[in-house]
Structure formats: C-alpha cells, structure tokens
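Visitor: Before we go through this structure, could you take me through its helix packing and its sheets by question and answer?

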Amino acid sequence: MHYFDYAATTPLHPEAAHIYGKLSQGCYGNTSSLHEVGAEAQNMLTFCREELAGMLGVHSAGIYFTGGGTESNLLSIISLAKANRHKGNHIVTTVGEHPSIDSALAYLQEEGFTVTTIPFTEEGFVDLQLFQKALTSKTILVSIQHVNPEIGTIQPLEEIASLLHERSILLHSDCVQSFGKINLKPIAQIVDSLTISSHKVYGPKGVGAAYIHPRHRLVPVFPGSVHESGFRGGTVNVPGIAAFVTAATYANNIDHHCASFRHAFLEKIMRHPKHFTVYQTSVAEKQLPHIIGLGVKNIEGQLIMLELNRLGFAISTGSACQIGQQHTSKAMMALQVDTQQAKEFIRISFGSSTTMDSVHKLANHLIESALKIHASVC
C-alpha cells in the first residue's frame, strides 16, 4: 500500500519506538511517587519538558504534556477562556478549525460565552477584514490554526497577533499540522498558547503537548487534577512523552522532499483542469507543501478514495477526526464551497515513505480513475 495520508497520522519512528520500549521497562515509575523509581520518572519528564521547550524556544514552565492534540486544544481554550472571563465572554475563531476547537467552543457557549466564526478567503486564509470587524470590547480570546489540515494554507499569525496585542486579546493556535515541518520558535513568541501532537511527527499516538505562556493563570477544567501542575489528570505517560520528543528531533529531516513531490503531482494533475479543482494559495511561502487538497469534478471524494484504495493507494477525504460522520470538509465550509462541490474533496499528504515514483503512480492512477468514472457516468 502506498501511503498518502500523513496529515492524518504517521508511522512510529524506529528510534522513538526504541526509546518507548526501553523506558517502558526501565523508567516505569509514577512521577508523583516519592520513592527513587518515581524520582527517575520525574527526572526524565523534566528532561523531556526542557527538550521540547528548547525546540519551541519557550520557558519549560509553560509546557504541559497531554494525551494528544485534541485534549491540548480542549484544555487550553477552556482554561484560558475561564481564567479571563472577568474581562469578557467573546471568542473569535475560523470556520476551518479542527473539530476539537469546535468542541471546546460549544462547551464554552453552554457556559455563557459567545463565539464568532470567520470564513476563509478564496485562497484559504482567514478573512482579515471580517476578522477585525468581529473583534469587540468583550473579545478575550482568538483561536486560529497555524496550518489548515485539509488544504495546507499557513495562516498569517504574525499579522493577527499584532492586531490582538494592541487590544490585549489572547491568541491560541492549533499548531498540530505545522510542528515538525515549520520552525515554530517565531510563532511561540507571539501566541499565548499553542498545541502540538506526537503522532503527526512520527511519535506514538496518545501523546501531545500544550504551551501556555507562564504569565497566564490557569483554571483547571477538571478541579482536583494534580498532574501537569493541575492542567490534567491521569498518570503521566513518561515513555510516550520521551518517544514523542525523540521523534520530534528527527521530523524536520524526514519530510524535506515534499515541495518536489507537490510540484510533480500537481504538474500532472493540472494538465486536466476540466477534471480537477486544486485548493491552494498562489504564494508558495504561505502553503505547506506536504498537504494537497483537491476535488475531482462531479465525482464524490469517497468514491475516488475507495477506487484508489483498491489500487493500493491510501488517501483521505478530509480530517481523520471527521471521517465516518458524513460531515462536509471544514476547509470547504470555510471556503464557502457549495455542498455538491464540497463532497468532491479529497486530501493527499506526503511523508517518510513517499518517493517520486509513488507520487507519479498516484497522479497517473488518479487521472485514470477520474477519466474512467467520468466516462461511465456520461
């Protein structure tokens, strides 16, 4: 099987697997235990926290390990919102965010907060004119993803942060898709909170992290939690965290050919403009090359996905957290694409096992499948 769904999840890096197995047997203590075995686990956790903080260029006191990107988003947004409720109750986000952001905001709405969602421009960026109009004296928090997980556009967080700083509005960013692919040190300096996930960077599933600037007061989502400074409950997964941090050190060197893969794939696809719609920005520097979002005109994406799966190629029809729920792609909703066209959406993403040969084969099979299905329909 040729795997082209790295935006959904990645295989475990061999070195991360080695570290996970080694520490599961040799560093298995509970970090809350006061004996020597617990102290060893606590020391390893401290080391991992400092290592990850170094990758982000932040103070280790702001790093909180979690069970993944979803939990990181939920806890960060809810905690920051509740901690600043005395200043206001309004939150601004985009239509194209990850479902975990929607879940956090839906919960906060039940708690009396109000939420404004902003669509994308035609090129996949948050509409800054509508965004500025949405900000009010009661706005306390903005949540905007760094890289869209379905079409790969890189949001202008620097410009957004500048607008918010003068109003003392907090900025949270879901950086799950950008971590390990883009240097996040500049981003970490301008946001109040960001979130990352292990299994997107060749680490184990069930591990993630949130960074919240130490200047901010945290309000525990679940009172009585004692782990991670009260940020979450549950025994800390030290082997998984160590494997996550290990994998992250290798991630940047794994995917460096993705720009070439993207160019080769699109060069073939764009020879058939009558059959394909590609969702991307015209500025290469504002587009993560690892992710390609496109539609096969007049053919539902699920049919294309199943046909390619039969031929030995794994792609997706959008965010893995939505698959099976029959939801329209969040990116398509944000782009305000009509319902029928939105159903045509598929996503291709590159990673460690991708080769130029497999990219050419995928493009050829996709074109052949589209032409065959179109011919059978006509």
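Visitor: In this predicted model, at what angle do helix 1 and helix 8 pack, and how are they oriented relative to each other?
Guide: Helix 1 (residues 14–26) and helix 8 (residues 238–254) have axes 8 Å apart and pack at an angle of about 160°. Angles over 145 degrees count as roughly antiparallel, so helix 1 is, relative to helix 8, roughly antiparallel.

Visitor: Which residues of helix 8 are met by helix 1, and what is the hand of the crossing?
Guide: From helix 1, Glu15, Ala16, Ile19, Tyr20, Leu23 and Ser24 take part, and they meet Pro239, Gly240, Ala242, Ala243, Thr246, Ala247 and Tyr250 in helix 8. The crossing of these two helices is right-handed.

Visitor: Is strand 6 largely enclosed or left open by the rest of the structure, and why?
Guide: In a regular strand the side chains alternate between the two faces of the sheet, so both faces have to be examined. On one side of strand 6, Leu170, His172 and Asp174 are buried, and on the other Leu171 and Ser173 are buried as well. Because 5 of the 5 residues of strand 6 (residues 170–174) are buried, the strand is largely enclosed.

Visitor: Which residue of strand 6 is the bridge partner of Val142, and which residue of strand 7 stands opposite Asp174?
Guide: Strand 5 (residues 139–143) runs parallel to strand 6 and is joined to it by 3 bridges, while strand 7 (residues 193–197) also pairs with strand 6 in the parallel sense, over 3 bridges. Within these pairings, Val142 has as its bridge partner Leu171, and Asp174 stands opposite Thr195.

Visitor: What hand does the β-α-β unit containing strand 5 and strand 6 have?
Guide: The two strands run parallel, and helix 6 (residues 157–165) joins them in making up the unit. The β-α-β unit is right-handed.

Visitor: Which strands stand at the edges of the open sheet of 3 strands?
Guide: The strand order in this sheet is 9-10-12, with antiparallel pairing. Each edge strand has a single partner strand, so one side of each is left without a neighbour in the sheet; these are strand 9 (276–279) and strand 12 (345–349).

Visitor: What angle does the direction of helix 9 make with that of strand 10?
Guide: Strand 10 (residues 291–296) pairs with strand 12 in the antiparallel sense over 5 bridges, and Ile292 stands opposite Ile348 in strand 12. Helix 9 (residues 258–269) packs on the sheet, where it touches strand 9, strand 10 and strand 12, and its direction makes with that of strand 10 an angle of about 15°.

Definitions and conventions
Residues numbered from 1 in each chain as written. Predicted model: local features only at pLDDT ≥ 70, side-chain atom pairs only at ≥ 80, totals over all residues. Heavy atoms only, no water. Buried < 20%, exposed > 50% of the residue type's maximum accessible area, 1.4 Å probe, protein only. Helix = DSSP H or I, 4+ residues; strand = E, 2+ residues; numbered from the N terminus. Pairing = 2+ DSSP bridges. Right-handed = clockwise from strand over helix to strand, strands pointing away. Contact = heavy atoms within 4.5 Å. Axes fitted to C-alpha atoms, helices over the stretch in contact; angles between N-to-C directions. Parallel < 35°, antiparallel > 145°, perpendicular 65-115°, else oblique. Left-handed = near helix turned anticlockwise from the far one by under 90°.
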